[in-house]
Every structure is written in C-alpha cells, then in structure tokens.
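Visitor: I should like to learn how to read the features of a model such as this one. May we go through them in turn?

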Amino acid sequence: MSAIDDIESSIQTLPQQDFFTLVGWMTERHLQVLSSAEFETPELEDALLPSLDSPRHPVNNELFESIRARRLEARQ
C-alpha cells in the first residue's frame, strides 16, 4: 500500500465535520502556495524555461513509454 493509499484511507474515515475542515485547509493552503514564491523553486523554473523552446510532442502512450525508458536508462 502506498502513502497515497494510506492518506486516502485515513481521509475516508474522517467524520464529516473533520473532512470539511480538511477540505477548507487544503483550499486555503493551495491558494497560499499559488500566491507565493513556493509554487516553483527558482531552480525548477530555471530547468523548465529551456523546454519552452523545445519541440512539441503529442501527449500519448508513446511519449509516456519514452519517458519511462529514459528513466530506466538513467537508473542504470
């Protein structure tokens, strides 16, 4: 079971009021992140900017498979 599954299971067991409190906190936190410099670190932005001028690729299974293959190559 992954951490995401654990979190989802925990959320599903919350009483209704606690669930709505959590949803409110998540919404507020999301807005704080979006309106702050935390959203993307300068290093991430620096790494992403060059990709704006790179060739465009259709988002499909072929693209995802090539990404997975490159990831496996990088691990070896």
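**A side-chain contact and its setting**

Guide: We begin with a salt bridge, formed here between the side chains of Glu65 and Arg68 at 2.9 Å from N to O. Please keep in mind that the model is predicted.

Visitor: How many salt bridges does the count come to?

Guide: The count comes to one salt bridge.

Visitor: In which helix do Glu65 and Arg68 lie?

Guide: Both belong to helix H4, which covers residues 61-75. Three residues, about one turn of the helix, set Glu65 and Arg68 apart.

Visitor: How does one judge whether such residues are buried or exposed?

Guide: One reads the relative accessible area: under 20% is buried, over 50% is exposed, and values in between are partly exposed. Glu65, at 48%, is therefore partly exposed, and Arg68, at 46%, is likewise partly exposed.

Visitor: Where is Pro50 found, by contrast?

Guide: Pro50 sits in the loop between helix H3 (42-48) and H4. Because its relative accessible area is 53%, Pro50 counts as exposed. The C-alpha atoms of Pro50 and Val23 are 36 Å apart, with these positions 27 residues apart along the chain.

Visitor: Which elements have the lowest and the highest mean pLDDT?

Guide: As a general rule, predicted coordinates should not be read in detail where pLDDT is low. In this chain the mean pLDDT is 86, and 95% of the residues reach 70 or more. Among the elements, H3 has the lowest mean value, 81, while helix H1 (residues 3-12) has the highest, 92.

How values were computed
Residues numbered from 1 in each chain as written. Predicted model: local features only at pLDDT ≥ 70, side-chain atom pairs only at ≥ 80, totals over all residues. Heavy atoms only, no water. Salt bridge = Lys/Arg side-chain N within 4 Å of Asp/Glu carboxyl O. Helix = DSSP H or I, 4+ residues; strand = E, 2+ residues; numbered from the N terminus. Buried < 20%, exposed > 50% of the residue type's maximum accessible area, 1.4 Å probe, protein only. pLDDT = per-residue confidence, 0-100.
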